[in-house]
Amino acid sequence: MQPATTQPTCAPDVVPASAKLRARYQRREPEKTVLWQVVNGWLETFLDMAAQTYHGGLPYYVQNELRRFLDCGILACGFARAFCSECGASMLVAFSCKTRGVCCSCGARRTAQTAANLVDRVLPDVPLRQWVLSAPFDLRLPMARDATLLSAVLRIFCAELDRLLQRLGEERGIRHGASGLVASIQLFGGSLNL
């Protein structure tokens, strides 16, 4: 694989040299974490056991997420080389997996980017309310495996919320209120369960 090369510009000299040294990039070394070591050491055994225990084994997207997690942040799995033409500094930045459930680093970055985009570019400066739908256990796996079913449940939930807000608005004398909804679907729990 050929490494990509980018040419960022140096930061202006308004920042003290000591601050520049402290802000230097360091690779996060995911292979040293307990989660990475456990997944790396036991993934195939776990997948074989799941295939024998559960009808059809684990869904493909779960297997794919776990395998991509093992490549995240590992230089041997791909990287970009960043080079500054002004100061001559060069560094290697490992590719990330960009998964949403297992990888703590990519999940945190995606959460922060999504929240910043919503606050800065999407949501108006008006009162907001958060609603959470937790599906019954019997529906969770079918919804995760069937995008059509998941979309239908989400559409029904959003329609019912809109209907509720319209009714509450009318009770308070607001006749032409409009609601806007942003949905965020989370398939993994805190213990990496589906």
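Q: Which residues form a nonpolar patch on the surface, with about 420 Å² of accessible area together?
A: This is a predicted model, and its surface carries a nonpolar patch with about 420 Å² of accessible area in total. The residues that form this patch are Val122, Leu123, Val126, Leu128 and Val182.

Q: Is leucine 128 buried or exposed?
A: Leucine 128 is found in the loop between α4 (104–122) and α5 (137–145). The residue has a relative accessible area of 58%, and the cut-off for the exposed class is over 50%. Leucine 128 is therefore classed as exposed.

Q: Is tryptophan 131 buried, partly exposed or exposed?
A: Tryptophan 131 also lies in the loop between α4 and α5. Its relative accessibility is 36%, and the intermediate class runs between the limits of 20% and 50%. Tryptophan 131 therefore counts as partly exposed.

Q: Which residues does tryptophan 131 touch, not counting residues up to four places away in sequence?
A: Tryptophan 131 and phenylalanine 157 are 26 residues apart along the chain, with 10.0 Å between their C-alpha atoms. Phenylalanine 157 is one of the residues that tryptophan 131 touches. With neighbours up to four places away set aside, the full list is Phe157, Leu161, Leu164 and Leu165.

Q: Which helix supplies the largest share of the largest nonpolar core?
A: The largest nonpolar core has 16 residues, and those with the most contacts inside it are Val39, Leu43, Leu66, Phe69, Leu70 and Cys103. At least two residues of this core come from each of α2 (34–53) and α3 (60–71). The largest share, five residues, is supplied by α2.

Q: With which residues is leucine 70 in contact, leaving aside its neighbours within four places in sequence?
A: Leucine 70 is among the residues with the most contacts inside the largest nonpolar core. Once neighbours within four places in sequence are left aside, its contacts are Trp36, Val39, Asn40 and Leu43.

Q: What pattern does the protein follow when read along the sequence?
A: The protein has six helices and three strands. Read along the sequence, these elements follow the pattern β-α-α-α-β-β-α-α-α.

Q: Over which residues does pLDDT stay under 50?
A: The mean pLDDT of the protein is 82, and 85% of its residues reach 70 or more. One stretch stays under 50, although the model has 17 contacts beyond four places in sequence for it. Where pLDDT is low, the predicted coordinates should not be read in detail. The stretch concerned is residues 5–15.

How values were computed: Residues numbered from 1 in each chain as written. Predicted model: local features only at pLDDT ≥ 70, side-chain atom pairs only at ≥ 80, totals over all residues. Heavy atoms only, no water. Core = buried A, V, L, I, M, F, W, Y, C linked by side-chain atoms within 4.5 Å. Buried < 20%, exposed > 50% of the residue type's maximum accessible area, 1.4 Å probe, protein only. Helix = DSSP H or I, 4+ residues; strand = E, 2+ residues; numbered from the N terminus. Contact = heavy atoms within 4.5 Å. Patch = residues over 30% accessible without salt bridge, like charges linked within 9 Å, V, L, I, M, F, W, Y side chains within 5 Å. Areas by Shrake-Rupley, 256 points an atom, 1.4 Å probe, with all protein chains shown as cover. Salt bridge = Lys/Arg side-chain N within 4 Å of Asp/Glu carboxyl O. pLDDT = per-residue confidence, 0-100.
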